[in-house]
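Hello,

Here is the structure I promised to pass on. Please have a look, and then read on for what turned up in it.

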Amino acid sequence: MIARVQAWYAGLTARERTLVAIAGALAGLIVLIYGIVLPVGRAFDAADARHVASVQRTERLMAALRLLDERPASPVARAGTGPVEQAVAASAEQAGFVLQSNQPRGGDTTAIVIASARPGPVFAWFDALADAGVIVDTLTMTPAPDGTVAVNATLRRSGT
């Protein structure tokens, strides 16, 4: 096959060889640009856009966490006299959250799991719980691609 192409190329005149070489170079350039450079560039642009969106979501979550840290400590009334897990479950239901898990850990502590929720309402709910005397002891929020978060938290009555 290669011998046949070489024989054909050798049979061309000098002017035809030059035109075939130029046509080959142009075809190679087009394949390089449209087959490699542009698709790779689009992939880099898409990755950069995903990265920027992820950084912005993370910064919003971090700002909300800083607001919780800056919140002044104030004496609060205890949230009822019943078990803390019941108070948390009632408050979560009232706030519109579905608790995937609500496990008591001693008398005044409970561990909760919320599978999916918007971060703003979750922080507002934690703030309302703190006003009622139930504070966040530990908190893990895992962001999801759709802008929601999965919440794992340990809540306890303040003062214990």
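Let me start with a small puzzle: which residue in strand 2 is the bridge partner of proline 104? The partner is threonine 110.

Before the rest, some ground rules. This is a predicted model, in which local features need pLDDT of at least 70 and side-chain atom pairs count only at pLDDT 80 or more, while totals for chains, interfaces and linings use all residues. Residues are numbered from 1 along each chain as its sequence is written, and side-chain values use heavy atoms, with hydrogens and water left out.

Now the sheet. Four strands (DSSP runs of E, at least two residues, numbered from the N terminus) make an open, antiparallel sheet in the order 1-2-4-3. Strand 1 (99–104) and strand 3 (134–143) are the edges, each pairing on one side only. Strand 1 and strand 2 (residues 109–117) pair over five bridges; pairing takes at least two DSSP bridges.

Helix 3 (residues 84–95; helices are H or I runs of at least four residues) lies across strands 1, 2, 3 and 4 (149–157), at about 165 degrees to strand 1. Angles run from 0 to 180 degrees between N-to-C directions, with axes fitted to C-alpha atoms, for helices over the stretch in contact (heavy atoms within 4.5 Å).

Finally, valine 151 of strand 4 touches Ile112, Val113, Ile114, Val122, Phe126, Leu139, Thr140 and Met141, leaving aside residues up to four places away in sequence.

Enjoy exploring!
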